[in-house]
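Subject: Structure for you to look at, with notes

Dear colleague,

I am passing on the structure we talked about, together with some notes on what I found in it. Please open it alongside this message, so that you can check each point as you read.

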2 protein chains.
Amino acid sequence: MRSRLTSKSVTVFDVARVSGVSKSTVSLVINGSSKVSDKARKKVEKAIIETGYVYNRDAASLRSRKSNLIAIVINDLTNPYSAQLVVGLEQQIRELGLFSMIVNTGENVETQIQLVKNLKEYNVAAFIICPAPGTTAEWTNNLVDQGFPVVHIMREVTGAKVATVLPDNIRGTSLATQHIIERGHRKIAFLGGNESISDYHQRLAGFTEAMTLADVPFSKKLCIQSNTTRNGGRRAMEQALDIVSDIEAVVCFNDVIAYGAIEYMRSVDKQPGKDIAIVGFDDLKDSRLMSPALSTVHVSATQIAIAVCQVLKNIKDGSRNKILVDIELIIRESS
Amino acid sequence: MRSRLTSKSVTVFDVARVSGVSKSTVSLVINGSSKVSDKARKKVEKAIIETGYVYNRDAASLRSRKSNLIAIVINDLTNPYSAQLVVGLEQQIRELGLFSMIVNTGENVETQIQLVKNLKEYNVAAFIICPAPGTTAEWTNNLVDQGFPVVHIMREVTGAKVATVLPDNIRGTSLATQHIIERGHRKIAFLGGNESISDYHQRLAGFTEAMTLADVPFSKKLCIQSNTTRNGGRRAMEQALDIVSDIEAVVCFNDVIAYGAIEYMRSVDKQPGKDIAIVGFDDLKDSRLMSPALSTVHVSATQIAIAVCQVLKNIKDGSRNKILVDIELIIRESS
DNA sequence: ATACTTTACTGGAACGTTCCTATTTTGTAT
DNA sequence: ATACAAAATAGGAACGTTCCAGTAAAGTAT
């Protein structure tokens with residue numbers, strides 16, 4: 001790809017000449033230094049506009065070895081919760097005066113490796129990664145050892161020496177399941193999700209924990225894995241009903257799964273919320289507005305984003321701590 | 001944001017020293033030049049691995065004034081079609097050997113202006129922009145005049161001197177409406193969308209065109225604007241039924257609107273596809289899998305992405321042409 | 001072997017910024 | 001006015017790469 005027509009670009013020298021100060025002073029003004037006189041600052045600011053000067057971050061970044069570019073490496077942009085999360089992250093990062101760029105791995109670890117390799121060349125200041133399935137601790141640690149600040153989100157990679165920000169999955173499904181049990185249901189299935197990602201184990205653990213604690217018998221057969229897509233949810237619901245035809249309630253791995261499950265229920269003339277109670281996880285925007293409104297575990301993208309930025313700010317201590325963002329059970333019409 | 005611990009980084013000089021050639025030769029190898037002997041290439045490649053050399057794009061980009069970074073400026077990542085589109089673009093761009101980054105304006109023109117201003121500093125090779133409402137031709141033209149290759153997608157900004165890639169909206173809704181009419185429906189509403197974006201006018205035009213051509217009387221009152229969200233679709237459907245309680249069919253601005261409309265239908269005990277025929281626009285993944293499967297106008301994200309890349313490759317001619325990507329009416333169970 | 005062409009390689013300068021040190025200007029106390 | 005400190009400004013070097021022009025090596029024809 002050719003660059004823009006290379007007409008000798010406007011540099012600090014040009015601005016300096018026009019404003020009658022030195023390039024160094026111009027640089028100070030650009031960086032908002034307090035040790036430059038108001039008179040000089042005014043002149044420089046005027047000259048910047050006059051000349052149409054554009055700051056060259058390549059040069060700055062080369063010389064200073066600093067960067068304010070944060071890379072968000074997301075697992076799947078077409079997943080609505082991921083999109084919501086990315087938007088939250090963007091916002092928080094922008095408020096810190098930094099700039100974020102998004103790249104999408106599509107849940108493919110090879111793509112992830114390639115993308116991160118490229119991003120390293122761009123001198124990014126930090127990586128926020130929602131690791132694709134198959135991500136190894138070795139890979140992450142390597143990145144960290146090279147000196148890049150890294151935060152993992154949503155998914156844990158065991159053995160990775162990084163801070164990980166994720167929702168309190170166990171508490172989430174545990175609360176949801178408890179709620180379903182309190183409603184008097186006993187024949188309960190856990191739908192969707194996939195062993196290859198860490199949240200699955202946690203959310204499933206929350207479910208089993210609540211079930212055992214309440215002494216409700218349940219079978220592993222009714223914990224049905226699936227793709228985390230709407231269609232996956234349909235399939236899972238179908239399978240569950242095949243095994244136990246009079247299921248009373250389902251706890252879903254996430255909202256998208258719940259959407260699919262509801263679709264299947266309707267196709268066999270079961271009313272969600274009446275014939276079968278259902279509860280999701282994530283609290284997508286749609287969940288509040290659909291009919292019946294979906295009970296679900298609210299995970300605040302903003303809170304996650306805030307936690308991530310907090311970590312980013314104190315990254316020095318190559319901290320490998322785990323930050324659990326609190327969740328909230330939201331009871332609506334579907335349960 | 002501090003950069004990574006600045007341990008003197010490995011440069012071409014280090015690689016040169018280790019491999020016993022000059023920095024220039026190393027540079028040639030890195031750039032895959034054909035005019036370097038196999039022997040030298042081997043040595044350099046070995047040394048690159050040994051030393052853990054990381055290419056510094058800031059330096060390269062500074063010196064060469066070239067860049068292979070393509071900015072995708074998208075209007076709203078939480079819109080499923082936008083997400084799908086972005087994924088398609090990423091793929092095509094990657095196949096061209098370029099690198100893409102995504103930023104999200106959230107339909108806010110101020111954010112768009114700010115983001116693009118920042119991106120200019122990063123020496124991006126080109127902009128792919130889905131313009132936020134309120135984008136002015138002046139702004140776009142300014143960007144073009146500064147020498148940046150720009151392509152608009154999905155939405156037209158009248159007066160902008162750029163290539164615009166967008167689906168054949170008029171043909172799309174026209175076909176969809178024709179189809180609905182052929183099914184024998186006469187009381188037809190057009191739901192959703194918003195005057196502030198150009199696709200609305202086009203899709204509405206396709207609808208009215210087909211209606212007039214078939215001599216089906218219709219009222220502007222039944223063309224109901226709304227937010228392009230699921231909830232917007234619900235509201236629009238509600239409004240439509242308030243006006244004409246025995247509506248036979250609805251043509252929707254897009255699939256998301258259709259989802260909302262279907263939800264509302266169900267809440268008032270109307271069966272989509274039986275009591276009211278419905279057709280969408282976009283063909284989201286879910287539309288094929290839902291029940292009843294949604295009839296819709298398929299817009300291939302891949303084809304749009306391919307067209308965009310084609311334009312990008314021949315951008316020299318500051319072409320302001322309009323590239324219509326063909327659509328396909330897909331008839332499923334909902335109509 | 002010699003002259004000449006082609007191919008492979010090299011070192012210096014340049015890209016636009018920031019860092020560092022040095023110098024000038026301004027302010028303050030005597 | 002003078003001496004001194006503090007603040008403001010300036011100039012050179014450096015970041016790691018690519019470009020350019022030139023040199024060395026290899027290949028070809030006489």
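The notes below take the two DNA strands in turn, and then go on to a sheet and two individual residues.

Please keep in mind throughout that this is a predicted model, and that the distances quoted are computed from its atoms.

DNA strand C

DNA strand C is surrounded by 30 residues, and the closest of them are A:Val12, A:Ser27, A:Tyr53, B:Thr25 and B:Arg65, which come from both chain A and chain B. Of the strand C atoms that lie within 4 Å of the protein, 63% belong to sugar or phosphate, while the rest belong to bases. Two contacts to phosphate oxygens of this strand involve the protein backbone: a backbone N or O atom of B:Ser22 lies 2.7 Å from one phosphate oxygen, and a polar backbone atom of B:Ser37 is likewise 2.7 Å from a phosphate oxygen. On the base side, a polar side-chain atom of B:Arg63 lies 2.8 Å from a base nitrogen of DNA strand C. The elements giving two or more residues to the surface near this strand are helix H1 (12-19), H2 and H4 of chain A, together with H2 and H4 of chain B, and the largest share, four residues, comes from H4(A).

DNA strand D

Around DNA strand D there are also 30 residues, with A:Ser22, A:Arg65, B:Val12, B:Ser27 and B:Tyr53 as the closest; sugar and phosphate account for 63% of the strand D atoms that come within 4 Å of the protein. Three side chains of chain A deserve a look here. A polar side-chain atom of A:Ser37 lies 2.7 Å from a phosphate oxygen of DNA strand D, whereas an N or O atom in the side chain of A:Lys23 is 2.7 Å from a base oxygen, and a polar side-chain atom of A:Arg63 lies 2.9 Å from a base nitrogen. At least two residues each of the surface near this strand are supplied by helix H2 (23-30) and helix H4 (57-64) of chain A, and by helix H1 (12-19), helix H2 (23-30) and helix H4 (57-64) of chain B. Here the largest share, four residues, comes from H4(B).

A sheet in chain A

Six strands of chain A form an open sheet with mixed pairing, in the order E7-E6-E8-E9-E10-E12. Its edge strands are E7 (223-224) and E12 (328-330), each of which pairs on one side only. Within the sheet, strand E6 (residues 188-191) and strand E8 (residues 249-252) pair in the parallel sense over four bridges, and the bridge partner of A:Ala189 in E8(A) is A:Val250.

Two residues in loops

B:Asp282 is found in the loop between strand E9 (277-279) and helix H12 (285-289) of chain B. This residue is buried yet has no salt bridge, and the nearest side chain of opposite charge, that of B:Arg203, is 4.0 Å away. Beyond its neighbours within four places in sequence, B:Asp282 is in contact with several residues, including B:Tyr81, B:Arg203, B:Asn254 and B:His298.

A:Gly147 lies in the loop between helix H7 (137-145) and strand E4 (150-153) of chain A, and this glycine counts as buried because its relative accessibility is 13%. A:Gly147 and A:Ala126 are 21 residues apart in sequence and 9.5 Å apart in space, C-alpha to C-alpha.

With best wishes

Notes:
Residues are numbered from 1 along each chain as its sequence is written. Chains are lettered from A and ligands numbered from 1 in the order in which they are written. This is a predicted model: local features need pLDDT of at least 70, side-chain atom pairs count only at pLDDT 80 or more; totals for chains, interfaces and linings use all residues. Side-chain values use heavy atoms; hydrogens and water are left out. Two strands pair if DSSP finds at least two bridges between them. Buried means under 20% relative accessible area, exposed over 50%, partly exposed in between (1.4 Å probe, protein chains only). Lys and Arg count as positive and Asp and Glu as negative; His and the chain ends are not counted. Contact means heavy atoms within 4.5 Å. A residue is near a molecule or strand if one of its heavy atoms lies within 4 Å of it. A polar contact is a pair of N or O atoms within 3.5 Å; within protein, one must be able to donate a hydrogen and the other to accept it, and residues adjacent in sequence count only if both atoms are side-chain atoms.
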